[in-house]
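I opened a fresh page to record what I looked up in this protein. I begin with the whole chain and then turn to a few of its parts.

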Amino acid sequence: MRAHPVRRTALTCAATVTVTVLALSLKPHHPPVGALPPATTPTPSSGTGTGGTSSGTRTVTGPTVQTRYGPVQVQLTLDGSRIVAARAVQSPGGDPRSRQINASAVPALIKETVDAQSAHLDAVSGATYTSEGYMSSLQSALDQARA
């Protein structure tokens, strides 16, 4: 009995697709739970000054936002109501690819924050989850600062 070439090709393709789907389903999408740094409670404010439009320099930390690739948390330094500095207290870094992406994405987001003086930023290409988490934590920090 001679095998039909079309049948053989179809079975080979089906087997390849099945193996690929199985391999992708086994890939971890999140870093292991033990690899994440402990979540921190948002710090409403520290430093001098209080909310609103008061003068003086103060620091406000947004809440930790969990993204698909790890936590993001933003800390702002404000002089009155003006953002003078921003930093990412936490950013996804559970795997080498996330660290590579965020090494360029986080500084871009920080620069854009100071330039825009708001949480209405453009997402960094290739760092969509980090950008969304950053903007969410940033907006919460700004809301705390203005409360």
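Before counting anything, I noted that two residues are in contact when heavy atoms of theirs lie within 4.5 Å. I also noted that this is a predicted model.

Entry 1, the whole chain. With that meaning of contact in mind, I looked at the contacts with a separation of 6 or more, and residues 24 or more positions apart account for 45% of them. I found 3 helices and 5 strands, and read along the sequence they follow the pattern α-β-β-β-β-β-α-α. Of the 147 residues, 31% are buried, while the accessible surface comes to about 9000 Å², with 60% of that surface belonging to carbon and sulfur atoms.

Entry 2, helix 2. I asked myself what span the 21 residues of helix 2 should have. At 1.5 Å a residue, helix 2 (residues 96-116) should span 30 Å, and its end C-alpha atoms are indeed 30 Å apart, so the expected and computed values agree. I nevertheless found a kink of about 35° in helix 2, centred on Asn102, and Asn102 is also one of the buried residues of this helix, among them Ala105, Leu109 and Thr113. What covers the buried residues of helix 2 includes strand 4 (70-79), strand 5 (82-90) and helix 3 (128-146). At the N-terminal end I saw that Asp95 acts as a cap, with a side-chain oxygen 3.1 Å from the backbone nitrogen of Arg97. After the helix comes Gln117, whose phi is positive, near 60°.

Entry 3, the nonpolar core. Which residues touch the most other members of the largest nonpolar core? In this core of 22 residues, they are Leu76, Leu78, Leu121, Tyr134, Leu138 and Leu142. Strand 4, strand 5, helix 2 and helix 3 each supply at least two residues of the core, and helix 3 gives the largest share, 6 residues. I then followed Leu76 and, leaving aside residues up to four places away in sequence, listed the residues it touches, including Val60, Ile83, Thr113, Leu138 and Leu142.

Entry 4, Arg68. I located Arg68 in the loop between strand 3 (65-67) and strand 4. Is Arg68 buried, exposed or partly exposed? Its relative accessible area is 31%, and buried means under 20% whereas exposed means over 50%, so Arg68 counts as partly exposed. The side chain of Arg68 makes a polar contact with the side chain of Tyr129, at 3.3 Å. I also noted that Arg68 and Pro92 are 24 residues apart in sequence and 8.8 Å apart in space, C-alpha to C-alpha.

Definitions and conventions: Residues are numbered from 1 along each chain as its sequence is written. This is a predicted model: local features need pLDDT of at least 70, side-chain atom pairs count only at pLDDT 80 or more; totals for chains, interfaces and linings use all residues. Side-chain values use heavy atoms; hydrogens and water are left out. The expected span of a helix is 1.5 Å times one less than its number of residues. The bend at a residue is the angle between axes fitted to the seven residues ending there and the seven starting there. Buried means under 20% relative accessible area, exposed over 50%, partly exposed in between (1.4 Å probe, protein chains only). A polar contact is a pair of N or O atoms within 3.5 Å; within protein, one must be able to donate a hydrogen and the other to accept it, and residues adjacent in sequence count only if both atoms are side-chain atoms. Accessible areas come from the Shrake-Rupley method with a 1.4 Å probe; for residues, only the protein chains shown count as cover. A nonpolar core is a set of buried Ala, Val, Leu, Ile, Met, Phe, Trp, Tyr and Cys residues joined through side-chain atoms within 4.5 Å.
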